[in-house]
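Before the dialogue starts, please have the sequence and the coordinates open side by side. The turns below go feature by feature.

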Amino acid sequence: MELNLKPLALPGIDEEQRPIIIAGPCSAESEEQVMDTARRLAAYGIKIFRAGIWKPRTKPGGFEGIGKEGLPWLRRVKDELGMLTTTEVATPNHVELALEAGIDILWIGARTMANPFAVQEIADALKGLDVPVFCKNPVNPDLELWIGGLERINQAGIERMAVIHRGFSTYEKRLYRNLPMWHVPIELRRRIPNLPIFCDPSHIGGRRELIAPLSQQAMDLGFDGLMIESHCNPDCAWSDAKQQVTPDVLDFILDKLVIRQSIQTSESLEMLRKEIDKLDNDLLELLARRMKISREIGTYKKEHSMTVVQTRRYSEILSKRGAQGALCGMSNDFVKNVFEAIHEESVRQQVEIMNKD
Ligand code: PEP
Ligand code: MN
């Protein structure tokens with residue numbers, strides 16, 4: 001299935017000039033906060049202003065967005081500063097209100113993109129309209145679901161589309177708030193090459209220190225734009241305070257970005273190599289996690305006076321993994337060799353634990 005896409009054709013934006021920047025607060029909080037932030041961003045040449053009016057929150061009781069009361073503030077940003085404005089829509093009513101208020105670009109959030117019913121309702125509300133729609137990835141790393149959502153919007157007749165990679169949620173919170181899993185947007189680019197891809201380093205990182213390195217990584221991977229949360233007083237933000245930066249810091253970050261222009265063929269090779277590097281890192285991290293659990297098992301065996309090598313368990317692992325490997329298109333021998341090596345290292349680590357007093 002191919003998408004019928006047209007260039008975004010955003011007024012006043014040179015789409016060839018990477019990165020296209022969208023910046024603004026996580027949430028519109030007050031007219032003053034919106035205008036102050038927007039003025040400072042505009043002074044740095046930012047042309048697209050974001051602000052959440054309706055906020056999807058994990059738990060009830062948090063700030064759920066100012067609601068339609070904030071729409072005239074975005075209208076002022078557009079009229080007085082000449083910026084384009086964008087906000088998140090999650091229901092047909094949001095679409096109607098946002099468009100009535102003159103919002104230039106709509107975006108669909110990650111939680112909404114995970115729900116085909118909700119995306120279809122938005123698509124139905126968009127029928128016959130010509131407005132750019134940016135679709136974030138669904139919270140779960142399901143490329144087909146992401147593409148399915150894009151197809152729903154596109155089939156409603158929306159041809160000016162882009163995606164925003166904002167990472168994928170996980171049970172265990174570690175370095176990132178949402179895992180980047182770069183291979184997912186890279187595969188999306190391979191499948192739909194003419195679809196502009198933005199990166200949202202604020203929501204991937206969840207911490208302001210990660211915005212710069214993640215933005216650089218997105219640029220190195222050939223992304224077209226960045227959506228970055230910026231607030232006039234980030235520490236006092238009503239939502240996502242830790243991941244927002246002042247307009248001054250944003251300008252500093254953007255100034256330091258290195259934009260490498262590479263020709264198409266080597267760029268795709270470079271992207272594939274980056275994907276391999278990323279997967280190798282993931283492999284190492286997984287192995288390290290596996291070894292950590294092995295060591296915990298080692299401690300258990302020691303406490304219960306068991307032997308390190310439990311032969312039955314070992315043969316079971318080898319035969320199961322060999323068969324699984326064959327199903328994934330790898331040779332049985334290769335998979336056996338890999339698991340033998342892993343097992344050998346596990347045993348070495350458990351022996352180390354046994355010998356510790
Ligand atoms: C946001 O952009 O503020 C937001 C809620 O994003 P996401 O849908 O990616 O969580
Ligand atoms: Mn946010």
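## Reading the features of a predicted model

Q: What kind of model is this?
A: This is a predicted model.

Q: Which residues coordinate the manganese ion (ligand 2)?
A: Ideal angles depend on the number of donors: 109.5 degrees for four tetrahedral ones, and 90 or 180 degrees for six octahedral ones. Here the manganese ion (ligand 2) is held by C26 through SG, H203 through NE2, E229 through OE and D240 through OD, at 2.1 to 2.4 Å.

Q: What spacing do the donors of the manganese ion follow along the chain?
A: The donors follow C-x176-H-x25-E-x10-D. Within that pattern, H203 sits in helix α8 (residues 201–205) and E229 in strand β8 (residues 225–229). The two are 26 residues apart, and the pair links distant parts of the chain.

Q: Are H203 and E229 buried or exposed?
A: Burial is judged by relative accessible area, with under 20% as the cut-off. H203 has 9% relative accessibility, so H203 counts as buried. E229 is buried too, with a relative accessible area of 0%.

Q: How many disulfides does a search of the whole structure find?
A: The criterion is a pair of cysteine sulfur atoms within 2.5 Å. The search finds zero disulfides.

Q: Why is there no bond from the sulfur of C199 or from that of C232?
A: For C199, the closest cysteine sulfur is in C26, at 16 Å, which is too far for a bond. For C232, the closest is in C236, at 9.2 Å, again too far for a bond. As for accessibility, C199 is at 0% and counts as buried, and C232 is at 16% and counts as buried as well.

Q: How many aromatic pairs does a search of the whole structure find?
A: A pair of aromatic rings is described by the distance of the centres and the angle of the planes. The search finds three such pairs. One of them is F134 with F198, a tilted pair at 5.0 Å centre to centre and 45 degrees between the planes. F134 belongs to strand β5 (residues 133–136) and F198 to strand β7 (residues 197–199), and the pair links parts of the chain 64 residues apart. F134 is buried at a relative accessible area of 1%, and F198 is buried at 0%.

Q: Why is the pair of W182 and F223 edge-to-face?
A: The planes of W182 and F223 are at 80 degrees, with the ring centres 5.7 Å apart, so the pair is edge-to-face; the cut-off for that class is over 60 degrees. W182 lies in the loop between β6 (161–165) and α7 (183–191), and F223 in the loop between α9 (211–220) and β8, so the pair ties together parts 41 residues apart in sequence. W182 and F223 are both buried.

Q: How do helix α1 and helix α2 pack?
A: Two packed helices are described by the angle between their axes and the distance between the axes. Helix α1 (residues 31–43) and helix α2 (residues 71–81) have their axes 10 Å apart, at an angle of about 30 degrees. α1 and α2 are therefore roughly parallel to each other. Their crossing is right-handed.

Q: How many residues of α9 are buried?
A: Seven of its ten residues are buried, so α9 is mostly covered. The buried residues in α9 are I211, L214, S215, Q216, A218, M219 and D220. Just after α9, G222 takes a positive phi of about 85 degrees.

Note on methods. Residues are numbered from 1 along each chain as its sequence is written. Chains are lettered from A and ligands numbered from 1 in the order in which they are written. This is a predicted model: local features need pLDDT of at least 70, side-chain atom pairs count only at pLDDT 80 or more; totals for chains, interfaces and linings use all residues. Side-chain values use heavy atoms; hydrogens and water are left out. Donors are N, O and S atoms within 2.8 Å of the metal (3.2 Å for Na, K and Ca); water is not among the atoms, so sites may look incomplete. Helices (H or I, at least four residues) and strands (E, at least two) are DSSP runs, numbered from the N terminus. Buried means under 20% relative accessible area, exposed over 50%, partly exposed in between (1.4 Å probe, protein chains only). Rings of Phe, Tyr and Trp (its six-membered ring) pair if their centres lie within 6.5 Å; planes under 30 degrees apart count as stacked, over 60 as edge-to-face and the rest as tilted. Axes are lines fitted to C-alpha atoms, for helices over the stretch in contact, and angles run from 0 to 180 degrees between N-to-C directions. Angles under 35 degrees count as roughly parallel, over 145 as roughly antiparallel, 65 to 115 as roughly perpendicular and the rest as oblique. A crossing is left-handed if the near helix is turned anticlockwise from the far one by less than a right angle, and right-handed if clockwise.
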